[in-house]
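Okay, everyone, thanks for coming. I'd like to walk you through a structure today, so have a look at the screen.

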Amino acid sequence: EPRVTVGDAFVELLIPLVLPIGANLLLMRQREAKLSARLYTVLVKQLWSVERVEHGGVTMYVHRPLEGDDETIPVVVWFHAGGFCVGGACGAKDLETFNRLSSTVKVRWISVEYRLAPEHPYPAAIDDASTALEYALSKYRNVSVGGLSAGATLAWQAAVRVGKQRLASVAVLYPFLDPSMSSASYRDHGHRLNLGTFLPAAWAAYLGDDDQAKRAQTSYLRMTKDDLRAALEGTALIVLTAKADPLHDEGVAFVDALRDHLDLVHFDIKGGHTVAHDLFCDKEGGNKLFDAWAHRLQLRAETTPAE
């Protein structure tokens, strides 16, 4: 099975995060996108066919497995990481995530080219995420949604906005939720790979001084049981946090706020802010996450009646 090498994974992860922030944010985005897209282009054709789709002003890439594709397999709408201001839909980290998932369960995945800050601040990314998810729900029968870091936040927010009890699962991996950045995990782990510099710059690019937008980022803590049921009853929520991640504590707070109201599985693994690669990652914990995610996807596929 094709894999991004450890060396490629390290370079791809490290380069965007050690470049200077602020005036060089555009340079950072361009370098990250170029390297990640190059790895993606080399590897994607080995396992996937890709179709570009435009809907409601949003660009999406539908990935179908070269083997085992049919209309009954699960569909996952996916949002990339990058602090709402870096990255793109055709990235190597996302490809590696679905290469790994598809080794257990065949899926189609739709990667979304949502608009990036600072050119497109809040709520542009959420609007695009909701448009993409609504498109998938209107077209396919067994739909889940997920994302990594900032993409995890978009997946959750889109699920709450348009889910309406229609989603099989929501995968929230290392959610990037709290613009206050006041947790102990920020203080303890923000120095890792310059995340302590990048994350505040990302929030500033995305939210600016908009206090209403900042409150909206923590609105999940204020959702009522009825609100959650209306959006996500019957939907499995899978959450990943990592003990050495600056985002650890806000992810745990997210879980604590929701665990009594939803079908929720939480994996709190060793390591830092990466899941698709074995580098700096708890391999055993990552395997448990992917097994649980695949199980939820397959379970819905088996219980969805044929047309």
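One word before we start: when I say two residues touch, or are in contact, I mean that they have heavy atoms within 4.5 Å of each other. And please keep in mind that this is a predicted model.

So, how confident is the predictor? The chain averages a pLDDT of 84, and 84% of the residues score at least 70. There are weak spots, though. Over residues 1-23 the pLDDT is below 50, although that stretch has 51 contacts in the model beyond near neighbours in sequence. Residues 275-280 are also below 50, and there the model has 28 such contacts. Where pLDDT is low, the predicted coordinates shouldn't be read in detail.

Now the sheet. In what order do the eight strands sit? The order is 1-2-4-3-5-6-7-8, in an open sheet with mixed pairing. At the edges you'll find strand 1, residues 48-55, and strand 8, residues 263-269, each of which pairs on one side only. From one strand to the next, the twist averages 20°.

Let's zoom in on two of the pairs. Strand 3, residues 75-79, runs parallel to strand 4, residues 108-113, and four bridges join them. If you want a spot to click on, Val-77 stands opposite Ile-110 in strand 4. Then there's strand 7 with strand 8: parallel again, over seven bridges. Here you can click on Ala-236, whose bridge partner in strand 8 is Asp-263.

Which helix goes with strand 7 and strand 8 in a β-α-β unit? That's helix 10, and the unit is right-handed. Helix 10 covers residues 248-258 and lies across strand 6 (169-173), strand 7 (236-242) and strand 8, running at about 155° to strand 7. Several of its residues are buried: His-248, Glu-250, Gly-251, Phe-254, Val-255 and Leu-258. What covers them includes helix 5 (150-162), helix 6 (184-189) and helix 9 (225-232), along with strand 6, strand 7 and strand 8.

That takes us to the nonpolar cores. The largest has 62 residues, and those with the most contacts inside it are Trp-156 and Leu-237. What does Trp-156 touch, leaving aside neighbours within four places in sequence? Quite a list: Val-170, Val-172, Tyr-220, Met-223, Leu-228, Leu-232, Leu-237, Phe-254, Leu-258 and Leu-262. You've just met Phe-254 and Leu-258 among the buried residues of helix 10. Apart from this core lies another, of 27 residues, including Val-107, Ala-171, Leu-240 and Ile-269.

Next, two polar residues. Gln-157 lies in helix 5. Is Gln-157 buried or exposed? Its relative accessibility is 13%, and buried means under 20%, so Gln-157 counts as buried. Not counting residues up to four places away in sequence, Gln-157 touches Ile-126, Ala-216 and Gln-217. Then Asp-128, in helix 4, residues 124-139. Asp-128 counts as buried because its relative accessibility is 6%. Its contacts, again leaving aside neighbours within four places, are Val-58, Tyr-114 and Arg-115.

Last topic: the backbone. Most residues other than glycine have a negative phi, and most peptide bonds are trans. Let's see what departs from that here.

Where are the cis bonds? One joins Ala-117 and Pro-118, with omega about 5°. Another runs from Tyr-122 to Pro-123, with omega near 5°. Pro-118 is in the loop between strand 4 and helix 4, and Pro-123 is found in the loop between strand 4 and helix 4 as well.

As for positive phi, take Ser-149, where phi is near 60°. Ser-149 sits in the loop between strand 5 (143-148) and helix 5, and it counts as buried because its relative accessibility is 5%. Tyr-174 has a positive phi too, near 55°. You'll find Tyr-174 in the loop between strand 6 and helix 6. With a relative accessible area of 1%, Tyr-174 is buried.

That's my tour. Who wants to take the mouse?

Technical notes: Residues numbered from 1 in each chain as written. Predicted model: local features only at pLDDT ≥ 70, side-chain atom pairs only at ≥ 80, totals over all residues. Heavy atoms only, no water. Core = buried A, V, L, I, M, F, W, Y, C linked by side-chain atoms within 4.5 Å. Buried < 20%, exposed > 50% of the residue type's maximum accessible area, 1.4 Å probe, protein only. Pairing = 2+ DSSP bridges. Helix = DSSP H or I, 4+ residues; strand = E, 2+ residues; numbered from the N terminus. Axes fitted to C-alpha atoms, helices over the stretch in contact; angles between N-to-C directions. Right-handed = clockwise from strand over helix to strand, strands pointing away. pLDDT = per-residue confidence, 0-100.
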